[in-house]
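Student: I should like to go through this structure and ask, for each term applied to it, what justifies the term.

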Amino acid sequence: MHRPLYEVKANLFKGLAHPVRVRVLEVLAGAGDVSVTDLLSDTGLEASHLSQHLSVLRRHNLVVAERRASQVFYRLAYPKVADLLSISRALLVEILQTTQQQLASTVSMADVAPHAELQDPTSSTA
């Protein structure tokens with residue numbers, strides 16, 4: 001328990017570092033308590049694979065499980081996990097928009113550059 005905070009944070013992000021786990025968290029963020037049966041249906045995974053991902057999420061304190069009769073239900077361990085997902089989505093949108101603008105700018109420059117090379121800089125068209 002005497003690890004630097006940046007190591008603890010890195011381990012938290014390891015818990016998020018798989019698309020299936022992110023998808024499970026998104027489902028839980030949108031629905032609250034969700035049965036394993038519903039998670040299986042939503043993810044399309046085999047039970048053993050989903051179980052492994054849920055185990056990672058539990059180990060990293062991102063979800064909690066509750067048995068009700070013969071069903072197991074999962075929910076986010078902390079509401080801030082939903083906030084983290086929302087912030088990461090907003091950040092991703094911003095990154096993609098910036099990348100798209102940079103690509104559009106690069107394409108625009110590429111369209112202009114070939115035309116400039118065709119003109120003879122020593123000739124006067126005035």
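Tutor: Let us begin with a definition: the expected span of a helix is 1.5 Å times one less than its number of residues. Helices (H or I, at least four residues) and strands (E, at least two) are DSSP runs, numbered from the N terminus. The model is a predicted one, in which local features need pLDDT of at least 70 and side-chain atom pairs count only at pLDDT 80 or more, while totals for chains, interfaces and linings use all residues. Residues are numbered from 1 along each chain as its sequence is written, and side-chain values use heavy atoms, with hydrogens and water left out.

Student: Which elements does the protein contain, and in what order do they run?

Tutor: The protein has five helices and three strands. From the N terminus on, the order is α-α-β-α-α-β-β-α.

Student: How do you know that the span of helix 2 agrees with the expected value?

Tutor: Helix 2 has 13 residues, which at 1.5 Å a residue should span 18 Å. The end C-alpha atoms of helix 2 are 18 Å apart, so the two values agree.

Student: Which residues of helix 2 are called buried, and why are they placed on the same side?

Tutor: Buried means under 20% relative accessible area, exposed over 50%, and partly exposed in between (1.4 Å probe, protein chains only). In helix 2 the buried residues are Val20, Arg21, Val24, Leu25, Val27 and Leu28. They cover an arc of only 160° around the axis, which puts them on the same side of helix 2. That arc is taken from the directions from the helix axis to the C-beta atoms. On the other side of helix 2, Pro19 and Gly30 are exposed.

Student: What general property of an α-helix bears on such a pattern?

Tutor: An α-helix has 3.6 residues a turn, so residues three or four places apart point the same way.

Student: Why are helix 2 and helix 3 called oblique to each other?

Tutor: Axes are lines fitted to C-alpha atoms, for helices over the stretch in contact, and angles run from 0 to 180 degrees between N-to-C directions. Angles under 35 degrees count as roughly parallel, over 145 as roughly antiparallel, 65 to 115 as roughly perpendicular and the rest as oblique. Helix 2 and helix 3 pack at an angle of about 125°, with their axes 11 Å apart. The pair is therefore oblique. At this interface, Arg23, Val24, Val27 and Leu28 of helix 2 meet Leu39, Asp42 and Thr43 of helix 3, where contact means heavy atoms within 4.5 Å.

Student: What makes helix 3 and helix 4 roughly perpendicular?

Tutor: The axes of helix 3 and helix 4 cross at roughly 110° and come within 10 Å. Helix 3 and helix 4 are therefore roughly perpendicular to each other. Val36, Leu39, Leu40 and Thr43 in helix 3 meet Ala47, Leu50 and Leu54 in helix 4.

Student: Which residues form the buried side of helix 4, and what do they pack against?

Tutor: The buried residues of helix 4 are Leu50, His53, Leu54, Val56 and Leu57. They cover an arc of only 155° around the axis, which puts them on the same side of helix 4. Their packing partners are helix 1 (5–16), helix 2 (19–31), helix 3 (36–43), strand 2 (63–68) and strand 3 (71–76). The face turned away from the buried side of helix 4 carries the exposed residues Ala47, Gln52 and Arg59.

Student: Why is His53 called buried, and why is Ser55 called partly exposed?

Tutor: Both residues lie in helix 4. His53 has a relative accessible area of 12%, so His53 is buried. Not counting residues up to four places away in sequence, His53 touches His18, Val20, Arg21 and Leu45. Ser55, at 26% relative accessibility, counts as partly exposed.

Student: What makes Ala69 noteworthy in its backbone, and is Ala69 buried or exposed?

Tutor: Ala69 has a positive phi of about 55° although it is not a glycine. Most residues other than glycine have a negative phi. Ala69 sits in the loop between strand 2 and strand 3. With a relative accessible area of 76%, Ala69 is exposed.

Student: Where is Asn61 found, and what is its phi?

Tutor: Asn61 is found in the loop between helix 4 and strand 2. Asn61 is not a glycine either, yet its phi is positive, about 60°.
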